Amino acid sequence: MDGPVVLYIEDNADNRMLVRRVLMAEDFVVVDCPDGQTGLAWAAEHTPTLILMDINLPEIDGYAVTAKLRDLPHLVRVPIIALTANVMKGDREKTLAAGCDGYIQKPIDVDLLPRQILRFILEAQARS
Ligand code: MN
């Protein structure tokens with residue numbers, strides 16, 4: 001059986017490769033998109049288990065992409081987790097206000113990431 005499907009929206013190719021490698025090693029299926037527009041187009045037609053959202057993206061930032069994803073009825077129960085280096089006071093609140101369910105801080109801790117994501121998936125399942 002296939003593992004959880006993670007949609008990862010991230011403009012940095014090194015991060016996309018890193019997250020893909022780390023999560024695939026733990027049997028996640030990873031779909032990555034380099035910008036919000038591509039991610040929105042994919043998400044309009046699929047239901048991932050979880051969405052990992054970079055905040056600093058070209059054109060449309062992660063807050064705006066999250067808000068648009070939250071308008072899609074089939075994604076109402078899909079957790080959206082912000083992945084960002086923004087550590088200014090208030091950034092966490094901004095991600096939650098945009099509709100994110102949680103927050104993972106960059107730099108990515110490759111040892112922790114699979115468990116962090118699994119925890120968010122289990123929390124979302126417990127809520128629904
Ligand atoms: Mn970025």
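A residue counts as exposed when its relative accessible area is over 50%. That cut-off will help with several of the close-ups below, which all come from a predicted model.

**View 1. Asp27, a loop residue with a positive phi.** Asp27 sits in the loop that links α1 to β2 (29–33). Its relative accessible area is 58%, so Asp27 is exposed. The backbone is worth a look too: phi of Asp27 is near 70°, a positive value in a residue that is not glycine. For context, most residues other than glycine have a negative phi.

**View 2. Glu59, another loop residue with a positive phi.** Here we are in the loop between β3 (50–54) and α3, where Glu59 is placed. Phi of Glu59 is about 65°, again positive although the residue is not a glycine. Is Glu59 buried or exposed? With a relative accessibility of 83%, Glu59 counts as exposed.

**View 3. The cis peptide bond between Lys106 and Pro107.** Omega is about 0° for the bond that joins Lys106 and Pro107, which is cis. Most peptide bonds are trans. Pro107 belongs to the loop between β5 (102–105) and α5.

**View 4. Thr84 and its surroundings in strand β4.** Thr84 is part of strand β4, and its relative accessible area is 1%, so Thr84 is buried. Which residues touch Thr84, once its neighbours within four places in sequence are left aside? They are Ile55, Asn56, Tyr103, Ile104, Gln105 and Lys106. Lys106, listed among those contacts, is also a partner in the cis bond to Pro107.

**View 5. Val76 in the loop ahead of β4.** Val76 lies in the loop between α3 (62–70) and β4 (80–84). With a relative accessible area of 52%, Val76 is exposed. Try picking out Thr47 as well: Val76 and Thr47 are 29 residues apart in sequence, and their C-alpha atoms are 10.0 Å apart in space.

**View 6. Helices α1 and α5 crossing.** Helix α1 (residues 13–24) and helix α5 (residues 113–127) have axes that come within 9 Å and cross at roughly 75°. This angle makes α1 roughly perpendicular to α5. Val19, Val22 and Leu23 make the contact on the α1 side, while Leu113, Pro114 and Ile117 do so on the α5 side. Sorted by class, the contact of α1 with α5 holds six nonpolar residues, no polar ones and no charged ones.

**View 7. Helices α3 and α4 packing.** In this view α3 and helix α4 (residues 91–98) pack at an angle of about 25°, and their axes are 8 Å apart. That makes α3 roughly parallel to α4. Tyr63, Thr66, Ala67 and Arg70 are the α3 residues here, and they meet Asp91, Lys94, Thr95 and Ala98 of α4. What classes of residue make up the contact of α3 with α4? There are three nonpolar, two polar and three charged residues.

**View 8. Arg119 over the ring of Phe120.** Arg119 lies over the face of Phe120, at 5.0 Å from the ring centre. If you are wondering how many aromatic pairs the structure holds, the count is zero.

Note on methods: Residues numbered from 1 in each chain as written. Predicted model: local features only at pLDDT ≥ 70, side-chain atom pairs only at ≥ 80, totals over all residues. Heavy atoms only, no water. Axes fitted to C-alpha atoms, helices over the stretch in contact; angles between N-to-C directions. Helix = DSSP H or I, 4+ residues; strand = E, 2+ residues; numbered from the N terminus. Parallel < 35°, antiparallel > 145°, perpendicular 65-115°, else oblique. Contact = heavy atoms within 4.5 Å. Nonpolar A, V, L, I, M, F, W, Y, C, P; charged D, E, K, R; others polar. Phe/Tyr/Trp six-rings, centres within 6.5 Å; stacked < 30°, edge-to-face > 60°. Lys NZ or Arg CZ within 6 Å of the ring centre and 35° of its normal. Buried < 20%, exposed > 50% of the residue type's maximum accessible area, 1.4 Å probe, protein only.
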